[in-house]
Amino acid sequence: MSIVSRFARAGALCAAGLMGLVSASDAGAAEFRLGLITPPNHVWTKAAQSFADDLSTASDGAHSVTVFPARQLGNEAQMLQQLQSGALDMAFLTVAEVSNRAPDFAAFYAPYLAEDIAHAGRILRSDTARGMLAQLPETVGVVGVAFGGAGLRQIVSRGSVESASDLAGLKLRITPFDPILDFYKALGAAPTPMPLPSVYDALANGQVDAIDMDAELIWALKYYEHADTIVLSNHMMFPMVGLVSGRVWRGLSEADRTMISELMAKHVDSTIDTYGSLEGGWIEKLRGTDKTVIDVGPEFFGETIAQWDATWSEKAPSLSAIRAEADALK
Ligand code: BEZ
């Protein structure tokens, strides 16, 4: 059994055990819906479609998954609510959204937890990270199948940036979740929560001065075109998690749980390798634009990192274990 299969099976059994709801009978054919906010050509969306194709094949056409990208079913907060009520079967969501309901997941956003994209992948595949999924059925009402990746976070600014003081007071777009809000507040910026689909226009028309984003989307969605400076800081990881509604899970046979969790885990996990191999290319393309690109490390952010740690070590109990795991995996 592959590592992914073992993880998926362990997660599934753990979730089933927590909920006490293993079904003995085969639930039969099902048409599932899977939602996500990323656009059709995004790595996460392609992985979702590959999962859908594989599940159909593995179940001899008995099960189908229709993928709804680009926020067709609502924003992430709404999709998480739909998963809880059983109105939505599955989703690939940012761990950021999950951390809004389960603050322990903020541990993944510790600044410079990962030293590079390969290290981020090792952290997400660690037993410590996987173990955190076990809390989701009880705290959020969803089954967490596996973690996926996205690039590390960078900053794109409409103005010139030479030091962190140039970001002070700037309206800086962030994904709507508290760990990143606290990070930019500590830095002295004016963090502006904004969902992904609104970012392009907001940057283009000057509603925000800067954005927090990953290299894939800075390049693919051409955010850089409306900026002067790209700060390659790699300051945070940005994991994804494959989720199944707890209510839907309860109605599945054990065989279907195993098949779904193994296949979903395989495709969610595959995004870690995809970012590992593609992120360098996106960065090189950004360096090839006519924009000013600066490379910075933790020293750029000064006291911000210690301040973040002080706030979140209390709110995210797993932070010290994740840090220890990250150190061991360097
Ligand atoms: C963002 O909010 O920046 C984001 C969300 C999903 C995938 C990638 C980026």
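**Group meeting: cavities, sheets and two domains**

Okay, let me start inside: the largest cavity holds about 70 Å³ of space. Keep in mind throughout that this is a predicted model. A search of the whole structure turns up 3 cavities of 30 Å³ or more, and I'll stay with the largest one for a moment.

So which residues line the largest cavity? Going along the chain, you have I117, A120, G121 and L124, then G149 and A150, then M237, F238 and P239, and finally T271, I272 and Y275. Two helices, α5 (117–124) and α12, each put at least two residues into that lining. The top contributor is α5, with 4 residues. As for chemistry, the lining of the largest cavity splits into 9 nonpolar and 3 polar residues, with no charged ones.

Now, zooming out to the domains. The assignment for the protein chain gives domain 1 as 3–107 + 116–150 + 238–277, and domain 2 as 153–236 + 280–315. Their C-alpha centres sit 28 Å apart. Where they meet, 12 residues of domain 1 are in contact with 16 residues of domain 2.

Next, the sheets. One of them is an open sheet of 5 strands, with the order β2-β1-β3-β10-β4 and mixed pairing. Its edges are β2 (63–68) and β4 (142–148); each has a single partner strand, so one side of each is left without a neighbour in the sheet. On average, and ignoring direction, neighbouring strands here are turned by 25° against each other.

If you look at β1 (residues 30–35) and β3 (residues 90–94), they run parallel and are joined by 2 bridges. To find your way there on screen, pick G35, which stands opposite A91 in β3. Then there's the helix packing. Helix α3 (residues 76–85) packs on this sheet and touches β1, β3, β4 and β10 (240–245), with its direction at about 145° to that of β3. And α12, which we met at the cavity, spans residues 254–287 and lies across β1, β2, β3, β4 and β10, running at about 35° to β4.

There's also an open sheet of 6 strands, ordered β7-β6-β8-β5-β9-β11, again with mixed pairing. Which strands stand at the edges of this one? Those are β7 (190–193) and β11 (292–295), and because each has a single partner strand, one side of each is left without a neighbour in the sheet. The average turn between neighbouring strands in this sheet is 25°, direction ignored. At the β7 end, β6 (residues 171–174) pairs with β7 in the parallel sense over 4 bridges. One residue pair to look up there is R173 and its bridge partner T192 in β7.

Last stop, the largest pocket. About 290 Å³ of space lies in it. There are 24 residues in its lining, and the ones nearest the centre are I37, E76, T94, T175 and L196. The elements giving two or more residues to that lining are α3, α4 (95–101) and β8 (210–214). So α3, the helix packing on the five-strand order I read out, shows up in the pocket lining too.

And where does the lining of the largest pocket come from, in terms of domain 1 and domain 2? Each of the two supplies at least three residues. What about charge in the lining of the largest pocket: how many residues are charged? There are 6, next to 13 nonpolar and 5 polar. Put that beside the largest cavity, where the lining has no charged residues.

That's the tour; happy to go back to any of the views.

Note on methods
Residues numbered from 1 in each chain as written. Predicted model: local features only at pLDDT ≥ 70, side-chain atom pairs only at ≥ 80, totals over all residues. Heavy atoms only, no water. Pairing = 2+ DSSP bridges. Axes fitted to C-alpha atoms, helices over the stretch in contact; angles between N-to-C directions. Contact = heavy atoms within 4.5 Å. 1 Å grid on protein atoms, 1.4 Å probe; cavity = no way out; pocket = protein on both sides within 12 Å on 5 of 7 lines; lining within 4 Å. Points joined across faces, edges and corners; volume = space filled by probe spheres on them. Nonpolar A, V, L, I, M, F, W, Y, C, P; charged D, E, K, R; others polar. Domains from an automatic or database assignment.
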